[in-house]
Amino acid sequence: MQIMQVNTKETSQDPNSVKSRTEIALSTCEAEYIALSTTAREFIPLRNLVEEIKLNLGLTSADIVVKCTLFKDNIGAETLAKAPNKMNPRTKHIAVKYHHFRSCANKTLFIERVDTK
C-alpha cells in the first residue's frame, strides 16, 4: 500500500495566522483529488462574488460568463470529479469535505486532462 502526504494550509479566524495541516492520502488518485478540491475551493467564492456583482449591477447572464478550467494529470481524480456516482470501494473513504466542488463540475468548473510526458 502506498501512502502519500498532502500538505494544505488553512487560515484561522486571525488573518495573520496560518496553520499548516497534513492529510494522509492512501493513493495517488486521492492525493490528486484532494488537490483538485483545494483548488476548486479558491474558485467557488470568486464565482459567487462575480454573480453577486452581476445582480447588483443589473447585468444579464450573457454579459459576463464565469468559467474555470482545472488541469489534472490523474485519470482517476478526473473521473471521480466528473461523475459523482462513480464511487467504488477504493474511493469511498475519501472525506465528504473534498466533494463540495462536484456540483460545479461540468457547469462552470471544467476539468481537463493533461499529459505528463
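In this predicted model, K72 is a charged residue that counts as buried, because its relative accessibility is 9%, under the 20% cut-off. K72 belongs to strand β3, which spans residues 68–72. Its side chain meets that of E32 in a salt bridge, with an N to O distance of 2.6 Å. The pair ties together distant parts of the chain, since E32 sits in helix α1 and the two residues are 40 apart. E32 itself is partly exposed, because its relative accessible area of 22% falls between the cut-offs of 20% and 50%. Side chains of opposite charge can pair when their charged atoms come close.

The K72 and E32 pair belongs to a structure that holds four salt bridges. Two others share the residue E78. The side chain of E78 meets that of K82 at 3.0 Å, N to O, and it also meets the side chain of R113 at 2.8 Å, N to O. The reach of these two contacts along the chain is worth a look. E78 and K82 both lie in helix α2, four residues apart, or about one turn of the helix. The contact between E78 and R113, in turn, links distant parts of the chain: E78 in helix α2 and R113 in strand β4 (residues 109–113), 35 residues apart. Taken together, E78, K82 and R113 are linked in a network of salt bridges. Within this network, E78 counts as buried because its relative accessibility is 7%, whereas K82 counts as partly exposed, at 33% relative accessibility.

These contacts can be placed within the overall fold. The protein has two helices and four strands, and its elements follow the order β-β-α-β-α-β from the N terminus on. Of the 117 residues in the protein, 30% are buried. Strand β3 also contains F71. Unlike the buried K72, F71 is exposed, because its relative accessible area of 53% is over the 50% cut-off. F71 and I111 are 40 residues apart in sequence, yet their C-alpha atoms are 5.8 Å apart in space.

Turning to the surface, a nonpolar patch is formed by L46, L49, I53, L57, L59 and I64. Together these residues offer about 530 Å² of accessible area. One of them, L46, lies in helix α1, which covers residues 28–57. L46 counts as exposed because its relative accessibility is 53%, over the 50% cut-off. Helix α1 thus carries both L46 and E32, the salt-bridge partner of K72.

The surface was also examined for pockets. The largest pocket has a volume of about 240 Å³. Its lining is made up of 11 residues, and those nearest the centre of the pocket are S27, C29, N88, R90 and T91. By residue class, the lining divides into six polar, three nonpolar and two charged residues. Helix α2, running over residues 75–82, gives the most to this lining, with three residues. Helix α2 therefore appears in two parts of this description, as it contributes to the largest pocket and also holds E78 and K82.

Terms used. Residues numbered from 1 in each chain as written. Predicted model: local features only at pLDDT ≥ 70, side-chain atom pairs only at ≥ 80, totals over all residues. Heavy atoms only, no water. Patch = residues over 30% accessible without salt bridge, like charges linked within 9 Å, V, L, I, M, F, W, Y side chains within 5 Å. Areas by Shrake-Rupley, 256 points an atom, 1.4 Å probe, with all protein chains shown as cover. Buried < 20%, exposed > 50% of the residue type's maximum accessible area, 1.4 Å probe, protein only. 1 Å grid on protein atoms, 1.4 Å probe; cavity = no way out; pocket = protein on both sides within 12 Å on 5 of 7 lines; lining within 4 Å. Points joined across faces, edges and corners; volume = space filled by probe spheres on them. Nonpolar A, V, L, I, M, F, W, Y, C, P; charged D, E, K, R; others polar.
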